[in-house]
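This report describes a two-chain complex, taking up selected helices, loops and backbone angles before turning to the overall form of each chain and to the predictor's confidence.

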Amino acid sequence: MSEEKPRTTKKALTLLLIGVAVGIIFWGGFNTAMEATNTETFCISCHEMEANVYKELQDTVHYQNRTGVRATCPDCHVPKDWVHKIVRKVQATNELYHHFMGTIDTRQKFEATRMELAQNVWTAMKNTDSRECRNCHNFDSMDYDKQDARSSTRHEDAAEAGFTCIDCHKGIAHKLPKEYDPEKDIPGQSIFYRN
Amino acid sequence: MNTMIKTATRSLVLALTLTSAGPALAADTTVIVDPQRRDQPLDGASAPVERRQVEVVQGGIARSYKEQPPMIPHAIDKYEISLRLNGCLKCHSEETYQAEKAPKLGDSHYLDRDGKRLDRLSMRRYFCTQCHAPQFEGTPLVDNAFEGRR
């Protein structure tokens with residue numbers, strides 16, 4: 001009896017150690033894999049992204065600018081915090097499905113679907129108060145004195161009215177859909193969000 | 001007969017070519033300045049664009065004469081005027097100008113060429129920058145006391 005007790009403890013300890021090791025490998029592997037899918041290289045490994053949205057991004061301030069700060073795909077399109085990131089990653093399986101189905105594998109098909117795709121993103125950003133924009137941009141961090149008079153007035157008004165970045169800043173990193181009508185997109189009265 | 005006419009035509013063409021080529025050959029010694037590329041070689045990269053600030057004027061830039069299309073008192077490089085859309089209309093159209101606190105398009109912009117009023121911006125007026133332009137901040141080369149009209 002007295003001989004068996006240390007053996008049980010030993011067994012339990014070994015089991016625990018194996019558990020910890022396996023846990024580290026699996027959890028680490030999972031996170032590494034998730035990080036690997038969270039890079040621009042991964043995003044543009046799909047022709048749909050590389051030939052359309054990535055090409056368009058290259059002409060914008062989010063790709064090249066005075067100070068050399070660049071935003072890559074996941075910076076704007078994948079949430080930073082873990083819970084929302086997982087939710088987004090699960091949603092992305094739908095994108096994989098359509099990639100293999102070839103839903104938007106030509107420029108024509110992409111253009112025909114662009115309004116729907118854009119509205120998905122606009123609506124998501126509207127619902128999260130442009131969370132991904134706010135990883136870098138924030139009303140509270142803006143020095144209104146350093147902005148153009150026009151920008152500072154509009155930003156102050158927008159902050160007061162409770163508008164969010166995407167209400168005014170649509171089509172800043174990619175081309176706007178041909179169905180988009182700027183006259184129907186007054187902040188607060190836009191018809192381009194889904195409910 | 002045919003050959004004779006052909007030869008005559010040929011010599012006439014030759015003579016005409018020679019006479020018209022004369023002045024061009026003489027002009028070869030003068031330096032031709034290409035107003036757009038200046039002295040940049042055609043097969044090389046163009047010269048870097050001079051960075052200048054667009055003038056931002058609260059309340060707009062004064063007009064110089066009565067029917068002058070107003071100048072644009074802000075930067076417009078982020079607004080697109082294309083087949084897809086006209087970015088200026090985001091603020092300046094009849095539907096949006098109040099919410100955006102921006103000046104509205106002139107009424108004339110809704111008339112077609114027969115003077116008939118349209119519901120939407122007339123396509124003759126679609127390309128705003130054909131008449132309206134932003135201004136770069138520059139120092140006047142000479143003193144000027146001219147005052148435009150408001």
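Helix α5(A) is hardly covered, with a count of zero buried residues among its 20 residues. This helix spans residues 82-101 of chain A, and from its first C-alpha to its last it reaches 29 Å, close to the 28 Å expected at 1.5 Å a residue. The structure discussed here is a predicted model. Directly after α5(A) comes A:Gly102, whose phi is positive, near 75°.

A comparable arrangement is found at helix α7(A). Its 13 residues reach 18 Å from the first C-alpha to the last, close to the 18 Å expected at 1.5 Å a residue. The residue that follows α7(A) is A:Gly162, and its phi is also positive, near 80°.

**Positive phi in chain A**

Most residues other than glycine have a negative phi. Two residues in chain A that are not glycine nevertheless carry positive values: A:Asp129 and A:Ser130. The table sets them beside the two glycines that follow helices.

| Residue | Phi | Place |
|---|---|---|
| A:Gly102 | near 75° | follows α5(A) |
| A:Asp129 | near 55° | loop between α6 (107-127) and α7 (149-161) of chain A |
| A:Ser130 | about 50° | loop between α6 and α7 of chain A |
| A:Gly162 | near 80° | follows α7(A) |

Are A:Asp129 and A:Ser130 buried or exposed? A:Asp129 counts as partly exposed because 13 C-beta neighbours lie inside 10 Å. A:Ser130 has 20 C-beta neighbours inside 10 Å and therefore counts as buried, the threshold for that class being 20 or more.

Another loop residue of chain A is A:Gln64, placed between α3 (47-57) and α4 (73-77). A:Gln64 is exposed, because it has 12 other C-beta atoms within 10 Å and the exposed class takes in residues with 12 or fewer. Between A:Gln64 and A:Lys80 there are 16 positions in sequence, and their C-alpha atoms are 22 Å apart in space.

**Overall form of chain A**

Chain A contains eight helices and zero strands, so that its pattern along the sequence reads α-α-α-α-α-α-α-α. Its radius of gyration is 23 Å, well over the 16 Å that the globule rule gives for 195 residues, so chain A is more spread out than a compact globule. Taken along the principal axes, the C-alpha atoms of the chain fill a box of roughly 85 × 45 × 35 Å. Of the 195 residues in chain A, 12% are buried. Among contacts in chain A between residues at least 6 apart in sequence, 64% join residues at least 24 apart.

**Overall form of chain B**

Chain B has three helices and zero strands, and its elements run α-α-α from the N terminus on. Buried residues account for 7% of its 150 residues. For contacts in chain B with a separation of 6 or more, 44% are between residues 24 or more positions apart.

One residue of the last listed helix, α3 (residues 97-100) of chain B, is B:Glu100. B:Glu100 counts as partly exposed because it has 17 C-beta neighbours inside 10 Å. Computed along the sequence, B:Glu100 and B:Leu141 are 41 residues apart, and from C-alpha to C-alpha they are 37 Å apart in space.**Interface and confidence**

How many residues of each chain are in contact across the interface? Ten residues of chain A are in contact with 13 residues of chain B. On the side of chain A that touches chain B, five residues are nonpolar, five are charged and none is polar. For the complex, the predictor gives an ipTM of 0.76 and a pTM of 0.78.

The average pLDDT of chain B is 80, and 78% of the residues score at least 70. Within chain B, confidence is lowest in helix α1 (residues 2-27), at a mean of 51, and highest in helix α2 (residues 89-92), at 93. Over residues 14-24 of chain B, pLDDT stays under 50, and for these residues the model has zero contacts beyond four places in sequence.

Note on methods. Residues numbered from 1 in each chain as written. Chains lettered and ligands numbered in written order. Predicted model: local features only at pLDDT ≥ 70, side-chain atom pairs only at ≥ 80, totals over all residues. Contact = placed C-beta atoms within 7 Å. Nonpolar A, V, L, I, M, F, W, Y, C, P; charged D, E, K, R; others polar. pLDDT = per-residue confidence, 0-100. Helix = DSSP H or I, 4+ residues; strand = E, 2+ residues; numbered from the N terminus. Expected span 1.5 Å × (residues − 1). Rg over C-alpha atoms; globule rule 2.2 N^0.38 Å.
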